[in-house]
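Here's a quick briefing to read with the model open on your screen. Take it one topic at a time, and look for each spot as you go.

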Amino acid sequence: PKPTEVTPAVIMKSYACQRRTPLKHHNSFLTEALEILAENAEFSENEGRSVAFRRSASVLKALPYVVRAMNELKDLPCLGEHSLRVIKEILEDGTSSEVESTRQSEQFQAMKALTGVFGVGARTADRWFREGLRSPEDLIRTGQKLNHAQQAGVQYYTDLNTPVTEKEAMVISDIVEKAVKAVLPGAIITLTGGFRRGKEVGHDVDFLITHPEEGAEERLMPKIVNWLEDQGLLLYQKTTRNSYLESKDGPARPPSNMDRFERCFSIFKLEQAQVNSDTRLEASSCNFGTTDGTQECHSGSSWRAVRVDLVVSPYSQFAFATLGWTGSKLFERELRRWAGQEKGMSLSSHALYDSKQQRYLHAISEEDIFAHLGLEYIPPSERNA
Ligand code: GTP
Ligand code: MN
Ligand code: MN
């Protein structure tokens, strides 16, 4: 018989922001199950429960080996009783009955379909579910009252639930770059969100925009949006003004993780030809050919809808904004928890406040912020907590 493999000893820190979490890891068969339970808890607005499952999953993502037995988990932090029970079941039976029954439940599937509509949160979806609605088709059929975001969400439902590829993200980067440079020369545009962490697909594309001259970025968003609208590139947009200066509750303590930057939630109209133009010789992903030889994708249309988030930050807050908009969501949450619980500091996407010294800590790079927080620097590609 083969000698039993010895599990390498790992030191697992308890905050996700103290660990390196790569995108590709060894325990998807466990983390995907735990994340179904986390998602289900979010649908019932049970945040504590959801975070507990997400923390457990995140610990397994940081492990350098495949978990095969329960004793390999004994020194790991964040694994609660419930998560351990689920993991044990999967290790023994291959699946967890709780996870499978959740996945298959009418409620979970309806909540997933309804919250999959842009502009619809758990609360609205739950109300609709209790009224007997199950899908976006049901919303149309029963003539539900929808706000502008939700109307766009229903209209572009299929496109917006089709993952955005890296190539599409690059084409959109070029468009955003062109728009921003046209209205404010010298502006700096950074791709943030999942694509900055190295993800190959995303649910949207996120950008952060600034200008080295403080103040030059003020009221920039309407100009960018106008430029994009003039070019016919926007299907939907909602711009929110910067409310940071007017806010009364202190800059480093925004309610939840919402920040007050000038920002725009949008839906771009992306021409497929632009995505395919530099790869005509490669096998095309489009299956629809037309008689005149033009390529058509997505049920016969030459374009598709893509969610894009644009955020404008003053240069002095750029490092905080970059860190705050790179994610992952759990990584961000853990950074703020670390700052508060371990350092007596308050971190937001605008600033870092040291309560003991009673002053804001200056930073011009993400590295500065990690250093202020007493954390080892973790690069974006290892923030996939
Ligand atoms: P996908 O888009 O699903 O591929 O993943 P993602 O990590 O890019 O998620 P998302 O686009 O939802 O968010 C990107 C980052 O922006 C995450 O770190 C979020 O925490 C952050 N974020 C999203 N909305 C807000 C917000 O209102 N305020 C702040 N400060 N951060 C936000
Ligand atoms: Mn994103
Ligand atoms: Mn986003």
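Let's start with one pair of residues: Phe 265 has Asp 309, in β9, as its bridge partner. That pair belongs to two strands, β6 (residues 262-271) and β9 (residues 303-312), which pair in the antiparallel sense over 10 bridges. Keep in mind that what you're looking at is a predicted model.

**The five-stranded sheet**

- Zoom out from β6 and β9 and you'll find an open sheet of 5 strands, in the order β2-β4-β9-β6-β5.
- The pairing in this sheet is mixed.
- At the edges sit β2 (188-191) and β5 (234-240), and each of them pairs on one side only.
- Ignoring direction, neighbouring strands here are turned by 25° against each other on average.
- Helix α14 (residues 318-326) packs on this sheet, where it touches β2, β4 (205-210), β6 and β9.
- Compare directions and you'll see that α14 makes an angle of about 175° with β4.

**Ligand 1 and its surroundings**

- There are 19 residues around ligand 1, and the ones that come nearest are Gly 194, His 203, Asp 204, Asp 259 and Arg 263.
- What does the mix of classes look like in this shell? It has 2 nonpolar, 9 polar and 8 charged residues.
- Which helix gives the most to the shell? That's α14, with 3 residues.
- Three helices, α11 (193-196), α14 and α15 (329-343), each supply at least two residues of the shell.
- Lys 199 has a polar side-chain atom that lies 2.8 Å from an oxygen atom of ligand 1.
- Asp 206 also joins in through its side chain, with an N or O atom 3.0 Å from an oxygen atom of the ligand.
- Gly 327 does it with its backbone instead: an N or O atom there lies 3.1 Å from an oxygen atom of ligand 1.
- On its own, ligand 1 has 630 Å² of accessible area, and the protein covers 89% of that.

**Two backbone oddities**

- First, some background: most residues other than glycine have a negative phi, and most peptide bonds are trans.
- Now look at the peptide bond from Gly 327 to Ser 328, which is cis, with omega near -5°.
- Ser 328 sits in the loop between α14 and α15, and both of those helices help to build the shell around ligand 1.
- The other oddity is Arg 219, which isn't a glycine but has a positive phi of about 55°.
- You'll find Arg 219 in the loop between β4 and α12 (220-230).

**The three-stranded sheet**

- Further along the chain is an open sheet of 3 strands with antiparallel pairing, in the order β10-β11-β12.
- Why is one side of β10 (345-347) and of β12 (359-360) left without a neighbour in the sheet? Both stand at the edges with a single partner strand each, so there's no strand on the other side.
- β10 and strand β11 (residues 352-354) run antiparallel and are joined by 3 bridges.
- For a pair to spot by eye, try Leu 347, which stands opposite Leu 352 in β11.

**Glu 382 and its distant partners**

- Glu 382 lies in the segment after α16 (366-372).
- Glu 382 and Arg 197 are 185 residues apart in sequence, yet their C-alpha atoms are 7.2 Å apart in space.
- Which residues does Glu 382 contact, leaving aside its neighbours within four places in sequence? They are Arg 19, Arg 20, Thr 21 and Pro 22.

Conventions:
Residues are numbered from 1 along each chain as its sequence is written. Chains are lettered from A and ligands numbered from 1 in the order in which they are written. This is a predicted model: local features need pLDDT of at least 70, side-chain atom pairs count only at pLDDT 80 or more; totals for chains, interfaces and linings use all residues. Side-chain values use heavy atoms; hydrogens and water are left out. Two strands pair if DSSP finds at least two bridges between them. Helices (H or I, at least four residues) and strands (E, at least two) are DSSP runs, numbered from the N terminus. Axes are lines fitted to C-alpha atoms, for helices over the stretch in contact, and angles run from 0 to 180 degrees between N-to-C directions. Contact means heavy atoms within 4.5 Å. A residue is near a molecule or strand if one of its heavy atoms lies within 4 Å of it. A polar contact is a pair of N or O atoms within 3.5 Å; within protein, one must be able to donate a hydrogen and the other to accept it, and residues adjacent in sequence count only if both atoms are side-chain atoms. Accessible areas come from the Shrake-Rupley method with a 1.4 Å probe; for residues, only the protein chains shown count as cover. Ala, Val, Leu, Ile, Met, Phe, Trp, Tyr, Cys and Pro count as nonpolar, Asp, Glu, Lys and Arg as charged, and the others, Gly among them, as polar.
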